[in-house]
Every structure is written in C-alpha cells, then in structure tokens.
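Please open the structure in a viewer and keep the selection panel at hand. The tour below proceeds by selections, with a short account of what each one shows.

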Amino acid sequence: MKKEYSDILTGLPNLILFHKMIDDLITHSPELDRFAIVCLSIENLREIKEAFGYKTGEKAIKGIADYLDNAYFTSRIAEGRFALLIPDIKSKKYLENIMEELMDKVRTAYSCDKEQLYISMIAGISIYPVHGSDTAVLLQNAEAALNLAKENGEDIQIYKDAFQEDVMTQVHMANMLQNGLDRQEFTLYYQPEFDLRTLEIIGVEALVRWYQPENGFISPEDFIPIAEKSRLIYKLEQWIVNKALSQKLQWEKEGLHHLELSINMSSKTLESERYFDKMENIISSYNVDYSKVIIELTETMNLANLDCVADRLKRLKKLGIKIALDDFGTGFSSLNHLRTLPIDIIKIDKSFIQSVLDNNKEAIIVKNMIAMSHELDYRVVAEGIETQEQYDFLIQNCGERGQGFLLCMPIPEEKLSELMKICKYNKEIAV
Ligand code: C2E
Ligand code: CA
Ligand code: CA
C-alpha cells in the first residue's frame with residue numbers, strides 16, 4: 001500500500017483510501033447488494049491512556065485494528081475511531097447479530113502486556129443505498145448515528161431518516177431565526193401578573209413572539225431550544241432585554257412606576273462569561289427602577305456550573321434586580337437550586353396548577369409549595385390559572401400572586417396600555 005494511503009500506527013488504509021475504495025465499489029458494481037458502513041469509536045481511550053500510559057493506549061488501538069482488519073475492510077479515521085464495511089446485509093437482524101458479535105469480541109477484556117483492559121466501544125451504522133448513495137453521505141450518516149448512540153447511551157445505533165429530518169429542520173430553523181433577527185420579525189407580548197386578592201395588575205412577564213412571514217406564528221417552545229443550540233440565543237436575548245427595558249423606561253415616564261417587569265433568561269446567557277458581561281452592561285445601561293425588574297430562570301434548565309451562575313445572579317442582584325425560579329417543581333433539582341441560587345421568587349409551574357382539582361396529590365404539593373415559600377420568605381406566583389376553581393383553590397390556600405388565561409392572556413404593548421388605563425380608571429372610581 002502506498003505510504004500516503006496508510007495509517008502509520010496500524011498499517012490500515014487511511015480515510016482517503018477507504019473513501020476511494022468504497023467509491024469504486026459503488027461505481028463499478030451496479031449489482032451491488034446492500035452493505036453497511038460502520039463507524040466505531042473507543043469511548044474510554046483517554047482513560048486507558050491516563051491509567052496505563054500512552055504506549056498501552058496505542059497497543060490497544062493496534063490490537064483492535066488487527067482484529068477488525070482480519071474480519072472486514074477497515075480504516076482508521078481518527079485516533080480512536082475506525083470505519084469498516086460489512087458486505088451483503090441480508091436483514092436488519094443479520095446486521096445486528098454481526099455487530100453484537102463484533103462488539104463483544106472487541107469489548108470484552110482485551111489483553112495487552114498482561115494488563116486486562118476493558119474497551120468501551122460504540123458504533124454508528126449507515127446502510128447503502130437506503131441511507132446514502134455515495135461514500136461521503138454514508139460516512140457522514142454513520143457518524144451522525146454514532147453521535148446519537150453517544151447521546152442516548154446506546155452502544156449500537158443504525159441511522160434513522162427521521163433523525164436526518166430533525167437535523168435538517170434545526171438547520172433550516174436556525175437560518176430562519178438569523179433572518180428573522182435581521183428582518184426584525186420578533187415582538188414582545190406581555191402577560192399581566194395579578195395580586196390574586198385585589199385583582200390588581202402588579203407586573204408583567206415579557207414573552208417573545210415570532211411572526212415568520214412564510215410559516216405564521218412560531219411558538220417560543222419550538223424556537224428557543226433551537227436558538228440555544230445554534231447560539232443565536234445570545235443575540236435574541238440581547239434584543240429581548242433591550243426591548244423590554246426600553247418599554248419599562250417608557251412606562252416609568254407614563255407614571256406606571258409600580259409595574260414590575262419579568263424577563264425570561266436562558267441558561268446559555270448565564271453560563272457564558274462573555275455574553276453575561278454583555279448582558280449585564282445592557283441591563284445596567286437603562287437606569288430604570290431595578291427593584292421592579294425580575295429575571296426568571298427556567299427550573300428545568302441544566303445548569304452546568306451552579307456556583308458560577310449563582311455569582312452572576314448576585315451581580316444582577318447588586319443592581320436591585322430580583323430572581324425568580326420559573327416552572328418550579330418540574331426540574332430534577334428544584335430544592336438544590338433553591339439552596340444554591342440567590343432566589344427571591346418561586347413560580348409554581350402551570351402543570352401543578354392545572355391538576356390541583358383532579359388530583360389530590362398535586363393539591364397537597366401546591367399547598368405545601370405555597371406554605372414552604374412563605375416560611376422561607378420567598379414570594380410565590382402561580383402560573384397557568386385557567387379556571388375559576390383553580391383561582392378559588394389558590395385563594396383558599398394563601399396564594400397571593402398569579403397569572404393565567406383566566407385573568408389575562410399575553411397581549412401586545414398597545415393592549416396592555418389600554419388595560420392599565422382601564423384599571424387606573426376603575427381604581428379612581430372605587431376610591
Ligand atoms: P414560561 O416562562 O413558563 O412562560 C409562560 C408560558 O405559559 C407562556 O407561553 C404563556 O403564554 C403560557 N401561559 C400563560 N398563561 C397560561 C395559561 O393559563 N395556560 C396555559 N396553558 N399557558 C399559559 P409561551 O409564551 O408560549 O412561552 C413558552 C416558554 O418559552 C416560556 O415559558 C419560556 O420558557 C420561553 N420563553 C418565552 N419568551 C421567552 C423569552 O423572552 N426568553 C426566553 N429565554 N424564553 C422565553
Ligand atoms: Ca417565565
Ligand atoms: Ca413558567
């Protein structure tokens with residue numbers, strides 16, 4: 001084999017040759033049966049090297065390469081990664097049996113210089129011609145399946161078309177988001193938060209809305225996760241915060257000083273040092289009454305570094321801002337978040353409020369969430385109040401604040417202004 005086509009450590013064909021051979025196979029064998037391209041990854045290579053040394057790691061790679069090379073046309077495509085071809089795939093079951101046997105052989109304690117090494121392997125598979133008619137696409141799809149296997153904790157994953165669709169939707173949506181930002185397709189709606197006893201509006205929650213000309217309204221539940229994955233969330237949130245605080249400034253000028261403003265913030269902005277600094281600069285540039293500004297953190301968010309986020313939240317609190325834990329009760333570590341983060345307000349998730357009357361368990365949970373919040377000196381807000389019965393339940397159980405479709409839907413700024421005028425008028429009449 002020519003030197004430029006072989007991998008120095010294992011002597012296996014490298015990716016260039018592997019590519020070329022599969023291309024040739026596809027071009028010159030029209031009668032070709034289904035075959036599989038498998039991407040194999042040694043998941044614990046780093047640990048092996050750390051525990052037994054670099055040389056042992058290399059020996060393990062070499063040993064696996066020899067085993068695979070004896071059985072299949074194999075290439076080493078990255079340090080601990082191989083690609084191989086399994087011909088004549090007769091059925092899915094047939095492929096699965098071959099793979100299980102192969103993985104068992106490679107994975108079971110592997111002998112290397114008398115050290116018993118456990119090799120942790122995962123595999124992603126694509127099948128010709130179902131998952132691609134050329135080598136590049138087949139390899140790309142096998143790698144995509146490998147990544148999915150890793151995410152789902154599986155050891156063998158066959159590529160799925162639906163998965164491809166999902167990725168395409170995400171890429172497409174990320175493009176649309178970028179365009180949407182450039183073309184200013186976003187707006188903010190505001191959902192009033194009420195004092196449940198007096199029914200006075202004490203604050204509003206800013207909720208982003210996206211009207212996409214070709215697809216109509218797209219829900220934030222659909223585009224926020226994609227904005228987070230594609231890192232467009234930073235730009236979007238900077239826009240949201242600028243817009244919401246300009247509005248707050250305007251309300252203050254109109255005499256609506258008392259109106260609190262809640263803004264949702266994603267974990268991404270809180271976790272990035274650079275973007276958090278930017279956000280802090282934006283927020284502090286407005287000079288509004290910060291004691292009436294609330295930042296809401298979603299309880300389900302997966303905070304990688306809780307202490308770091310806690311420090312950043314404390315920086316916001318120095319301005320006077322309050323912190324709310326949103327969707328309380330839905331995350332894995334509600335109580336841990338309460339303990340670690342400087343929280344002032346708990347927002348009980350709407351799923352609890354919506355089942356308080358059908359489910360005794362939920363009713364007890366909500367009662368206790370309210371009682372606990374009072375005892376620990378948190379302000380408590382119930383969200384998603386949709387019926388009179390849910391409202392009555394909250395009143396009976398000392399819920400003080402709430403929002404929900406029963407009280408008011410999220411509305412655009414103009415509507416909110418009208419509503420505030422009516423409320424002011426009613427209050428004046430009452431006085
Ligand atoms: P969230 O923060 O829990 O916001 C409350 C959601 O509940 C809003 O949905 C609101 O329209 C909806 N809602 C209000 N009252 C009721 C009710 O009585 N019943 C029911 N079933 N739903 C009610 P929306 O606007 O679709 O937002 C969904 C989620 O998207 C928000 O949940 C929040 O996590 C995220 N989101 C929305 N706007 C922003 C934003 O500006 N920034 C960030 N980072 N996330 C946002
Ligand atoms: Ca919220
Ligand atoms: Ca919520």
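## Stop 1: a stacked aromatic pair

Begin with phenylalanine 186, which has a relative accessibility of 5% and therefore counts as buried, the limit being under 20%. The model is a predicted one.

Next, add tryptophan 210, which at 0% relative accessibility is likewise buried. With both side chains displayed, how is the pair formed by phenylalanine 186 and tryptophan 210 arranged? The two rings are stacked, with 5.2 Å from centre to centre and 25° between the planes. Colouring by secondary structure places phenylalanine 186 in strand β8 (residues 186–195) and tryptophan 210 in strand β9 (residues 201–212), so the pair joins parts of the chain that are 24 residues apart in sequence.

Now extend the selection to Phe223 and Trp239. Together with Phe186 and Trp210 they make up a cluster linked by ring pairs. The count of aromatic pairs in the model comes to 9.

## Stop 2: an edge-to-face pair

Select tyrosine 211 and phenylalanine 217. These rings also pair, but edge-to-face, with 5.2 Å centre to centre and 70° between the planes. Turning on the surface shows tyrosine 211 as partly exposed, at 44% relative accessibility. Phenylalanine 217 is exposed, with a relative accessible area of 53%.

## Stop 3: the two calcium ions

Select ligand 2, a calcium ion, and display the side chains around it. Which protein residues serve as its donors? They are Glu205 (OE), Asn264 (OD1), Glu296 (OE) and Asp326 (OD), at 2.1 to 2.3 Å from the ion. Along the sequence these donor residues follow the spacing E-x58-N-x31-E-x29-D.

Two of the donors deserve a separate selection. Asparagine 264 belongs to strand β11 (residues 260–265) and glutamate 296 to strand β12 (residues 293–298), and this pair links parts of the chain 32 residues apart. Asparagine 264 is partly exposed, with a relative accessible area of 23%, whereas glutamate 296 is buried, at 1%.

Move on to ligand 3, also a calcium ion. Its coordination comes from Asp326 (OD), Asp327 (OD) and two OE contacts listed for Glu383, at 2.1 to 2.4 Å. The sequence spacing of these donor residues is D-D-x55-E. Aspartate 326 lies in strand β13 (residues 322–328) and glutamate 383 in the loop between β15 and α15 (388–396), so this pair ties together parts 57 residues apart in sequence. Both aspartate 326 and glutamate 383 are buried.

Finally, show both ions at once. What distance separates the calcium ion (ligand 2) from the calcium ion (ligand 3)? They are 4.1 Å apart, and aspartate 326 bridges them.

## Stop 4: packing of three helices

Select helix α8 (residues 233–253) and helix α10 (residues 273–284). Their axes are 10 Å apart and meet at an angle of about 15°. Angles under 35 degrees count as roughly parallel, and α8 and α10 are therefore described in that way. Their crossing is right-handed. To see the contact, display Tyr234, Glu237, Gln238, Val241, Asn242 and Leu245 in α8, which meet Tyr275, Lys278, Met279, Ile282 and Ile283 in α10.

Keep α10 and add helix α11 (residues 306–318). Here the angle is about 10° and the axes are 11 Å apart. On that basis α10 is roughly parallel to α11. The contact residues in α10 are Glu273, Phe276, Asp277, Glu280 and Ile283, which meet Arg312, Arg315 and Leu316 in α11.

## Stop 5: backbone geometry in the loops

The last selections concern the main chain. Most residues other than glycine have a negative phi, and most peptide bonds are trans.

- Select tyrosine 128 and proline 129: the peptide bond between them is cis, with omega near -5°. Proline 129 lies in the loop between β6 (121–128) and α5 (135–152).
- Select arginine 231, a non-glycine residue with a positive phi of about 65°. Its loop connects α7 (220–229) and α8, and arginine 231 is exposed, with a relative accessible area of 53%.
- Select aspartate 377, another non-glycine residue, with a positive phi of about 70°. Aspartate 377 sits in the loop between α14 (360–375) and β15 (379–382) and is exposed, at 70% relative accessibility.

Note on methods: Residues are numbered from 1 along each chain as its sequence is written. Chains are lettered from A and ligands numbered from 1 in the order in which they are written. This is a predicted model: local features need pLDDT of at least 70, side-chain atom pairs count only at pLDDT 80 or more; totals for chains, interfaces and linings use all residues. Side-chain values use heavy atoms; hydrogens and water are left out. Rings of Phe, Tyr and Trp (its six-membered ring) pair if their centres lie within 6.5 Å; planes under 30 degrees apart count as stacked, over 60 as edge-to-face and the rest as tilted. Helices (H or I, at least four residues) and strands (E, at least two) are DSSP runs, numbered from the N terminus. Buried means under 20% relative accessible area, exposed over 50%, partly exposed in between (1.4 Å probe, protein chains only). Donors are N, O and S atoms within 2.8 Å of the metal (3.2 Å for Na, K and Ca); water is not among the atoms, so sites may look incomplete. Axes are lines fitted to C-alpha atoms, for helices over the stretch in contact, and angles run from 0 to 180 degrees between N-to-C directions. Angles under 35 degrees count as roughly parallel, over 145 as roughly antiparallel, 65 to 115 as roughly perpendicular and the rest as oblique. A crossing is left-handed if the near helix is turned anticlockwise from the far one by less than a right angle, and right-handed if clockwise. Contact means heavy atoms within 4.5 Å.
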